[in-house]
Amino acid sequence: VDMAAKTVQAASCIQEGPVAYFGPSSFFGLNKIRPELIESKIGWREGERYDADKITATQERLLKSELFSSVYISHGDELDQEGGLPIKFRIT
């Protein structure tokens, strides 16, 4: 902070993690809905580079179908050997 010049200089350090890819998907809470219906609405393919915006878009697409009251999509904490991030769907 330079009070005389009335300026502030800031620096930030961002530590990037490894590149992640969409891994296998698993589904929880499906009672009468077949997994193929969910899979047809997923906005990515397994092995594609991970993109959080695609998670959000898929969640919105599933909710707009009005088949579900709740859709929660999360991922594991660790990458598999190929850099895949397992994706979990919890659906009500």
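## Close-up views of the predicted model

**View 1. K6, in the segment before β1.** The model shown here and in the other views is predicted. Phi of K6 is near 55°. That is a positive value, and K6 is not a glycine. Most residues other than glycine have a negative phi. K6 is exposed, at a relative accessible area of 76%.

**View 2. E66, a second site with positive phi.** E66 sits in the loop between α2 and β2. Its phi is positive, at about 60°, although E66 is not a glycine. Is E66 buried or exposed? Its relative accessibility is 72%, so E66 counts as exposed.

**View 3. Confidence along the chain.** The protein has an average pLDDT of 91. Of its residues, 100% score at least 70. Where is confidence lowest, and where is it highest? The lowest value falls in helix α1, residues 35–40, with a mean of 91. The highest falls in helix α2, residues 52–64, at 96.

**View 4. A nonpolar surface patch made by V1, M3 and V8.** Together the three residues offer about 400 Å² of accessible area. V1 belongs to the segment before β1, and that strand spans residues 21–28. V1 is exposed, with a relative accessible area of 77%. This value lies over the 50% cut-off, so V1 is classed as exposed.

**View 5. The salt bridge between R34 and E36.** How many salt bridges does the model hold? The count comes to two. Side chains of opposite charge can pair when their charged atoms come close. In this view, the side chains of R34 and E36 meet at 3.7 Å, N to O. R34 is exposed, at a relative accessible area of 63%. E36 is partly exposed, at 47%.

**View 6. The salt bridge between E48 and K54.** Here the N to O distance is 2.2 Å. E48 is partly exposed, with 26% relative accessibility. K54 is also partly exposed, with 28%. Each partner of this bridge therefore falls in the partly exposed class, E48 and K54 alike.

**View 7. The tilted aromatic pair of F22 and Y50.** The whole structure contains four aromatic pairs. In one of them, the ring centres of F22 and Y50 are 5.1 Å apart. Their planes meet at 45°, so the pair is tilted. The pair links distant parts of the chain. F22 is in strand β1, and Y50 is in the loop between α1 and α2, 28 residues apart. Which side of the burial cut-off does F22 fall on, buried or exposed? F22 is buried, at 1% relative accessibility. Y50 is partly exposed, with a relative accessible area of 25%.

**View 8. The stacked aromatic pair of W44 and F89.** The ring centres of W44 and F89 are 6.1 Å apart. The planes lie at 20°, so this pair is stacked. W44 is in the loop between α1 and α2, and F89 is in strand β3. The pair therefore ties together parts that are 45 residues apart in sequence. W44 is buried, at 8% relative accessibility. F89 is buried too, at 0%.

**View 9. The aromatic cluster.** Which residues form the aromatic cluster? They are F22, F27, W44, Y50 and F89. Among the members, F22 lies in strand β1, and F89 is buried at 0% relative accessibility.

**View 10. S74 and its contacts.** S74 is part of strand β2, residues 71–75. Its relative accessible area is 18%, so S74 counts as buried. The cut-off for that class is under 20%. What does S74 touch, leaving aside neighbours within four places in sequence? Its contacts are P86, I87 and K88.

**View 11. E82, in the loop between β2 and β3.** Strand β3 covers residues 84–91. E82 is exposed, at 67% relative accessibility. How many residues separate E82 from P24 in sequence? The two are 58 residues apart in sequence. In space, their C-alpha to C-alpha distance is 11 Å.

Notes: Residues are numbered from 1 along each chain as its sequence is written. This is a predicted model: local features need pLDDT of at least 70, side-chain atom pairs count only at pLDDT 80 or more; totals for chains, interfaces and linings use all residues. Side-chain values use heavy atoms; hydrogens and water are left out. pLDDT is the predictor's confidence in each residue, from 0 to 100. Helices (H or I, at least four residues) and strands (E, at least two) are DSSP runs, numbered from the N terminus. Patches are made of residues with over 30% relative accessible area and no salt bridge: like charges are joined within 9 Å, nonpolar side chains (Val, Leu, Ile, Met, Phe, Trp, Tyr) within 5 Å. Accessible areas come from the Shrake-Rupley method with a 1.4 Å probe; for residues, only the protein chains shown count as cover. A salt bridge is a side-chain nitrogen of Lys or Arg within 4 Å of a carboxyl oxygen of Asp or Glu. Buried means under 20% relative accessible area, exposed over 50%, partly exposed in between (1.4 Å probe, protein chains only). Contact means heavy atoms within 4.5 Å. Rings of Phe, Tyr and Trp (its six-membered ring) pair if their centres lie within 6.5 Å; planes under 30 degrees apart count as stacked, over 60 as edge-to-face and the rest as tilted.
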